[in-house]
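The exercises that follow ask you to read a structure step by step, with the sequence and the model side by side. Try each task before turning to its solution.

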Amino acid sequence: MDFKLNEDQEDIKKAAREFAEREFTRELIEECDREEKYPMELVKKARKLGFSTIKIPEEYGGMGMSLVEECLVTEEFYRVSAGLGNACLSSSFGTELIILFGNEEQKEKYLRWVTEKNGISAMASTEPEAGSDVASVKTKIVKDGDEWVVNGVKTFITNGSVCDFVLVLGRTFEGKKKHEGLTFAIVESKSKGFKATKIKNKLGLRASDTAEIVLKDVRIGEENILGEPGKGFYQLMEFFNHTRPRVAAQGVGIAQGALELAINYVKQRKQFDQPIGAFQHTQFKLAEIATRIQAARLLTWQAAWYCSIGKPRPELSSMAKWFAGETAVIAADWCVQFHGGYGYIGEYPAERYYRDAKIIEIYEGVKEIQKQIISRQILGRL
Ligand SMILES: Cc1cc2nc3c(=O)[nH]c(=O)nc-3n(C[C@H](O)[C@H](O)[C@H](O)COP(=O)(O)OP(=O)(O)OC[C@H]3O[C@@H](n4cnc5c(N)ncnc54)[C@H](O)[C@@H]3O)c2cc1C
């Protein structure tokens, strides 16, 4: 057992910290948050340095590293800004499906689009009536001669209105169980019948693009079907095993950033003739949060490490995501609390961490679904 990061990992973590601290300026963070602006130039800058193509194999122009390195970068970006971090690092969201299940032609075309032509990807499973119960999606992906036709509505799609292509989950046939018969199709946003509308007024993560996508008689070729038709649900579950540790790393980053803000503040704010950090209650709360963050970080690394050796452990990915999400929410809550009234107003960054943290408990499976996965693993199906 070795808990030490290797030299490459230390280097990439350091480079990510320097990039985030240099490029995520306070002005840009606040402007994108206030105006819900997608920072395209920043996304391109991060792409150029390889931060958003870490897991894409070198043979397709990516960095060829593992989920462990991706988690290290993710923590550093989210520590400074979850909104800008999400815009940069989720710009290749969904390519994991192509890495895992795509054929050679699909990898050549779509992974290279991302690594060499600044292509932005997305993954669309959620629908207005199918969130946690993703197997109940109503989008249809149906064969018609040599082509396939996609019809449906997807909602809350990250990068929906800025993406070049999206991996869409839909139903191809009715199986014995509703998990059967689902298929992923790669749909290009320039296709006829593709319409994306940005969803505004999010609580947090406001620099990240989120959209509703309507697909009306979108025609795609056979070459854009991912793997074997009917296996989409199982592909999605495998995808989540590989992406949930990264969401956990987002939570660790938000929590770490909130803790550092709190530490700075409690040292300089005085009440009752002493820094508020001198109260034992403050010290114990900070100790609890720091301990939780370290536990969440180690769980995240462990879950990511199993993915990196090709043996993902679904229950570990879910434990990491749930625990890190809860830790981010707790850390951000106490960060606001220590700031008192100043924590409640936009002039101080504490309230932004508070707004950003909540998403970790929601997307890529709400916390209840993570607990369901963990309990199924330890109890079996009753
Ligand atoms: C900013 C943002 C970005 C997103 N990006 C994407 C994306 O890129 N692609 C994509 O496909 N989706 C995306 N989503 C969608 C996200 O994954 C879903 O919102 C999430 O899975 C929950 O689905 P839902 O909103 O329909 O909530 P529901 O499924 O309706 O759940 C609501 C609540 O019901 C309860 N609940 C539900 N099921 C259970 C259960 N089995 N046991 C106990 N309680 C339960 C929980 O309290 C849960 O929080 C995004 C969402 C947001 C907000």
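**Exercise 1. State how far apart the centres of domain 2 and domain 3 lie, and describe how the two domains touch.**

Solution. In this predicted model, the centres of domain 2 and domain 3, taken over C-alpha atoms, are separated by 30 Å. The side of domain 2 that touches domain 3 is made up of 6 nonpolar and 4 polar residues, with no charged ones. Across this boundary, 10 residues of domain 2 are in contact with 8 residues of domain 3. To place both domains on the chain, note that it is divided into domain 1 (7–117), domain 2 (121–230) and domain 3 (234–379).

**Exercise 2. Work out where the ligand lies with respect to the domains, and which residues come nearest to it.**

Solution. Begin with the shell of 22 residues around the ligand, of which Thr-126, Gly-131, Ser-132, Phe-156 and Thr-158 come nearest. Next, look for the elements that give two or more residues to this shell, which are strand E1 (121–124), strand E3 (147–158) and helix H12 (367–379). Then turn to the domains: domain 2 (121–230) and domain 3 (234–379) both contribute residues to the shell, and therefore the ligand lies between them. As for composition, the shell divides into 11 nonpolar, 8 polar and 3 charged residues.

**Exercise 3. Check whether the end-to-end distances of helices H9 and H10 agree or disagree with the spans expected from their numbers of residues.**

Solution. Take helix H9 (residues 280–308) to begin with: its 29 residues, at 1.5 Å a residue, should span 42 Å, and its end C-alpha atoms are 42 Å apart, so the two values agree. Just after H9, Gly-310 takes a positive phi of about 80°. Helix H10 (residues 314–339) is treated in like manner: its 26 residues should span 38 Å, and because its end C-alpha atoms are 38 Å apart, expectation and model agree. Of those 26 residues of H10, 20 are buried, so the helix is largely enclosed by the rest of the structure. Just after H10, Gly-340 takes a positive phi of about 55°.

**Exercise 4. Decide whether Lys-48, Tyr-342 and Asn-241 are buried, partly exposed or exposed.**

Solution. The cut-offs needed here are 20 or more other C-beta atoms within 10 Å for a buried residue and 12 or fewer for an exposed one, with partly exposed in between. Lys-48, which is found in helix H3 (residues 40–48), has 11 C-beta neighbours inside 10 Å and therefore counts as exposed. Tyr-342, in the loop between H10 and helix H11 (350–357), has 14 other C-beta atoms within 10 Å and so is partly exposed. Asn-241, placed in helix H8, has 24 such atoms within 10 Å and is therefore buried. Leaving aside neighbours within four places in sequence, Asn-241 is in contact with Cys-307, Pro-312, Pro-314 and Ser-317.

**Exercise 5. Identify the residues with the most contacts inside the largest nonpolar core, and list the contacts of Val-166.**

Solution. The largest nonpolar core has 109 residues, and those with the most contacts inside it are Val-166, Ala-332 and Cys-335. Helix H8 (residues 232–268) supplies the largest share of this core, 16 residues. For Val-166, once neighbours within four places in sequence are left aside, the contacts include Gly-94, Ser-121, Ala-122, Met-123, Ala-124 and Ile-157, and also Val-187, Ser-189 and Ile-213. As background, nonpolar side chains tend to be buried together in soluble globular proteins.

Conventions
Residues are numbered from 1 along each chain as its sequence is written. This is a predicted model: local features need pLDDT of at least 70, side-chain atom pairs count only at pLDDT 80 or more; totals for chains, interfaces and linings use all residues. A residue is near a molecule or strand if its C-beta atom, placed from the backbone, lies within 6 Å of it. Helices (H or I, at least four residues) and strands (E, at least two) are DSSP runs, numbered from the N terminus. Ala, Val, Leu, Ile, Met, Phe, Trp, Tyr, Cys and Pro count as nonpolar, Asp, Glu, Lys and Arg as charged, and the others, Gly among them, as polar. Domain bounds come from an automatic or database domain assignment. The expected span of a helix is 1.5 Å times one less than its number of residues. Two residues are in contact if their C-beta atoms, placed from the backbone, lie within 7 Å. A nonpolar core is a set of buried Ala, Val, Leu, Ile, Met, Phe, Trp, Tyr and Cys residues joined through C-beta atoms within 7 Å.
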